Amino acid sequence: SFSKTPLLLPSLFSPIMKPDRTPQVRKPRPTPKPKTVERNVEQDPVEVYCRIRPSDSPDQEDCVTVVDPCTVKLTPPVNCFAFRNGSAKEQHYKFRRVFGPDTSQKELFDCVAKPLIADVLRGKNGLLFAYGVTGSGKTYTMQGAPQDGGIVRRTLDVIFNSIHDYQTKRCIFKPDRMNGFDGQCESDAFSDRRRLDANPTTRMTRSYKLRRDTGGSQDTSQRIPDTSRIENIDDDNVFSIFVAYIEIYNNYIYDLLEELPETGPSRGLQTKILREDSQHNMYVHACTEVEVKSPEDALEVLYKGDKRRKIAYTRLNCESSRSHSIFTIRVVQAPLDAQGEDVVTAKNAITVSQLSLVDLAGSERNTRTKAVGDRIKEAGNINNSLMNLRACIEALRENQMTGGVRKVPYRDSKLTHYFKNYFEGEGKVNMVVCVNPKADDYDETLPVMKFAELASEVNIQRGPQTVKQDLGLLPGRRRANQLFKDVRRRLETEGENVKNLEVDLTPIYTLAPEWPSVVYTPEIMDDVVAKLKAYLLKRINSREKLKSDLQDKIFVVRSSVMEMEKENILMKKEISDLRSQYSDAMAKVRSMESMLLNAESVNESLQRKFNDYNYLVDECNAVREELDMAKAQGQIEKQRMKARLKTKLEQEREKLKTGMIAKLSQQKSRIYQTQVRALQEILLDGNPSTQVSCPSVSDSDISQIRPTTRSQNKSNSDPKLEASNAIHTSDIFSSGVVNLRHRRSRSQGAEKWLDHRPVQEVPTGTVLQPALPRRKSVTCLRSGDLTEGRVSRYCLTSQQQDSEGELETKLYKGDVLPTVGGGSQVVFQDVEILRQCDPLAVPSRKRSSGGTPKVDVSTIQDRCAVGIQGHAASRQFGLNKRSRF
C-alpha cells in the first residue's frame, strides 16, 4: 500500500549521457551445410495468391473463371495460338487463395499483406510483389485509389495505427549509409531537428508539407484511411519508420527520392549500385531514406516517387509501367532503459526489419503492342528480368526437389540480385498474380499461370531467428513510468487527500536493497546497530544523489521548455502565414471552380456539335461510298459498251472498205471506156475515113498506172484520198502534157546544201523541183551534219494534205551560220509550197491561194483540148501549182 511504501524520487531524473557506440561486429559468412542437415531445416512456402480483374464490358469473352476459393480454370479461346496448334485444353491452377472480380481491396489486404506487417513489427523481413501481364491490375492492387487504397497505402495506415503511442522523436535514429542505423541522445537529435528545419533543401518529412503546391501534391481530401491495427506490440520498445522508393529501369537502379538541385542545369536521376553489408544483405548504396511520422508524410513521399516513375502509352495500356518499382518500409526499434524513459541507443540493441512492396512491370509481346523505338528496348529489358526471375525460381525448385546444388542465377539481373536474401531465407515471400480474364490475353496469361504454379511449389528455408541481446531489463517499464508520472501529478494537485491511494511501486523503484532482517539480542547489539547505520547511510547517499539529479533535470527541462516556447512562437508565425496563403489559395480555387464550370458547359456544347458533325460526316461518307460504287459500275458498263461499239465499228469499216473498192473498180472501168470512146469520136470527127489505132489498155493496166502516180502522193489512211482516187486522162497521153525540158526553180546556187527529206517521200512527178547541185541528203538529222562538210545551206522537205485533201509539199530553206561556241545554227529565209491538183476534180467555189479562179471544164472535149493544146493553160491550170512565200 501507499502508506507502507515510502514515496521517494526514483533515479528517473538521472542526467542524460550520450552512450558510447559499440564497435560494429561483422557477422561471419555462414558455412554451407551438408544435405542431410538441410533437410531438417524448417521451410516456409512461397504463398501465391490470384486476383482476377473485373471485365471491361458485360459481353466480354473471358478465358479465366473461378472454380472454388483456391482454384481457377483457364479455357483457351478459338483465336489463341494453342487452339490453332491443336494443343488447346482446359487447365486448372491451384493457389493459396483466389480473389474474384468482386473482391474488395480491404479483403485482399487483410489476407495477403497484414500477416507480413505483423512480422515486420516483430523484427522479421517480408517481400510482397505483384506479377502479371500488362493491364492486369498490378498497379491498382498495389496503389489503389484515394477512396479505396491499395496494399501500399493500407500498409502505411496499419503500421502507424499500431505504433502510434510508441514512436520516437525525429533524428533519434540515423542511417549510417551502410544499411544500418545509429542511435543518438536527445540533445544531438534536437540539434539535428533544428538544422533540418532551418535548411529547406534537406528537410525530410516536414519539408514536403511546406513545399506543397496546389498542382503538384496529391489530393488527400477524399482519402479513406484504414483503421485496423496489429495487436500484441512490445510496448517496452520505441519505433521509427523509414521509407525508400527505387525503380529498376532497363536493368539500372534509380532513386526516386533523390534530391535534385532546384537551380542550375537540370539533370536526371543518377544510377545506383548494389552492395553487400556486414550481414551479407544486399542494399542500394547512397539510397535516400526518409523518416516519416504519419501516414500522410509517407504518402507524400510515395506520391513524389510516383511522379518520377517511368510510364508510357502502349496499345494495351494507356499508363503502362516501364520499370519495376520497389517501395521499402524499414522499421527501426530499440528498447527503453530500466526507468522506461530514455531509449537505449547501443548498436547491439537496435533491431531493423523491412518490408518491400514491389510492383513489377507487365510482360508484353511486341506483336500486340506494336512498340517502336524506346518502347521495344524497355519491353526487352522487362521480359529479360522476368525471365531471369523465373529461372531463379526454377533453380530453387530443382535444388529443393532433387537435393542438388545448382547455382541460382541471381546476378543475371538487378531485380533478382536485390532480392537474393529473401530467397535465401531472410524473410517471408508472398506473391499476388493479377490476371485479366479477357480472351485476347490468353497467350500471355498462360505463361503467367505456369510461373505461379512453379513458384507455389518452392519452399524457402527459414532463416536464423533474430536473437535479441538480453539487456537485463524487466518488462513493463513503460507502463510503470507512465503510472509513476500519473501518481506524481495527482499528488502535486491533490496533496494530502490521497493518503489512501494504493500504488505498489516497490517492484519498480527502490532507493536501496530491502531492509535487513534484525534479530535483537544483547550479544549482537553492536553488530546490528553497525549494519543499520551502514544501510541508512547508503539510503541517505542515494537520496542526496537523487536530489542533485533532480536539480539537473529541472534545469534541463527548463531549458527545453524555453526552447520549445521559442519554437512555438516561430510556429505560430508560420501558421499565420500559412493561413493567409491558404485563404488566398481557397479564393483561387473558388475562381478556378467557376471557370471550370463555365468550361464544362462550353465543352458540353462543343461535344454536342462534335457529335452532330460526326453524324453528318458518317452520312456523307455513306453517300460518297454509294456514289463511288455507282460510278465504278458505270465505268465498267461504259468500258463494255465501248468494246462492243469498237468491234461493231471495225466490222462496218471493213464492210464499207470492201464495197467501196468494188464500186471504185467498176467506176474506173466505165470512165475508161467512156473516155476512150469520146477520144475516138473527137479524133475521127475531122476525117472520118482516117482511123487512129489506139493501143488497147485494160483495167488492170490502168490500175497499174494510176497508183504509181496518185497513191504515192496521197496517204492510204485518209478516206478522202481513197475516195477521190480518179483516173486523169492527161496521165494516159503524157506526151502532150509533160514538158521534158529541165526546168530549175529558184533554189540554185553553188553552195553546199543539206537536203533533209522524210523517210517515205511521195514523188510529185513534176519539173518544178529544187535544183540542189551540191547536196547531202539525210532522213534523220544529227548534230554533226550541220558542222561537217562545209554545209552552208539547209533545205527541209515536208509533205502533208491541205484542206481539200490534195498533196502539199513545203520546202523550208535557210542559211547555216556558225555560232560562237563552235556549233551551227539555221536561219530560215524562204518557204516554197508545191500543191498538186486533179484537173478532173469538180472545181471548188473557193478561190485559190494565188487569187486566180479555177476553170470549169464542162465537157470532155474541152478538158482534152486544155490538156493537149493549151500550154499556157497547162501552166495556169496544170496538174501542179507552185506558190512562193
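Okay, let's start with Arg 309 and Asp 359, whose side chains meet in a salt bridge, 3.5 Å from N to O. This is a predicted model, by the way, so please hear every number in that light. That pair ties together distant parts of the chain: Arg 309 sits in the loop between H9 and strand E16 (311–312), while Asp 359 belongs to strand E19, residues 351–359. They're 50 residues apart, and both of them are buried.

Now, how many salt bridges does the structure hold? The count is 37, and I'll pick out a couple more.

Take Lys 106 and Asp 226. Their closest N and O atoms are 3.0 Å apart. Again we're linking distant parts of the chain: Lys 106 is in helix H3, residues 105–112, and Asp 226 is in the loop between helix H8 (206–210) and E10, with the two positions 120 residues apart. Is Asp 226 buried or exposed? Buried, because its relative accessible area is 4%, and the cut-off for buried is under 20%. Lys 106, on the other hand, has 27% and is partly exposed.

And this pair has company. Lys 106, Asp 110, Asp 148, Arg 154 and Asp 226 are joined into one network by salt bridges that share partners.

Next one: Glu 259 with Lys 304, closest N and O atoms at 3.0 Å. Glu 259 comes from the loop between strand E11 (252–255) and strand E12 (271–272), and Lys 304 from helix H9, residues 295–308; that's 45 residues apart along the chain. Here Lys 304 is the buried partner, at 14% relative accessible area, and Glu 259 counts as partly exposed at 35%.

Let's leave the charges and go to strand E10, residues 237–249, where you'll find Asn 237. Which side chain does Asn 237 touch in a polar contact? That would be the side chain of Gln 333, at 3.3 Å. Asn 237 is buried too, with 8% relative accessibility. And if you look at C-alpha atoms, Asn 237 and Gly 340 are separated by 9.2 Å, although they lie 103 residues apart along the chain.

Last stop, the surface. Leu 536, Leu 537 and Ile 540 make up a nonpolar patch there, and together they have about 280 Å² of accessible area. Leu 537 is part of helix H16, which covers residues 525–683. Why does Leu 537 count as exposed? Because its relative accessible area is 51%, and exposed starts over 50%.

Technical notes: Residues are numbered from 1 along each chain as its sequence is written. This is a predicted model: local features need pLDDT of at least 70, side-chain atom pairs count only at pLDDT 80 or more; totals for chains, interfaces and linings use all residues. Side-chain values use heavy atoms; hydrogens and water are left out. Patches are made of residues with over 30% relative accessible area and no salt bridge: like charges are joined within 9 Å, nonpolar side chains (Val, Leu, Ile, Met, Phe, Trp, Tyr) within 5 Å. Accessible areas come from the Shrake-Rupley method with a 1.4 Å probe; for residues, only the protein chains shown count as cover. A salt bridge is a side-chain nitrogen of Lys or Arg within 4 Å of a carboxyl oxygen of Asp or Glu. Helices (H or I, at least four residues) and strands (E, at least two) are DSSP runs, numbered from the N terminus. Buried means under 20% relative accessible area, exposed over 50%, partly exposed in between (1.4 Å probe, protein chains only). A polar contact is a pair of N or O atoms within 3.5 Å; within protein, one must be able to donate a hydrogen and the other to accept it, and residues adjacent in sequence count only if both atoms are side-chain atoms.
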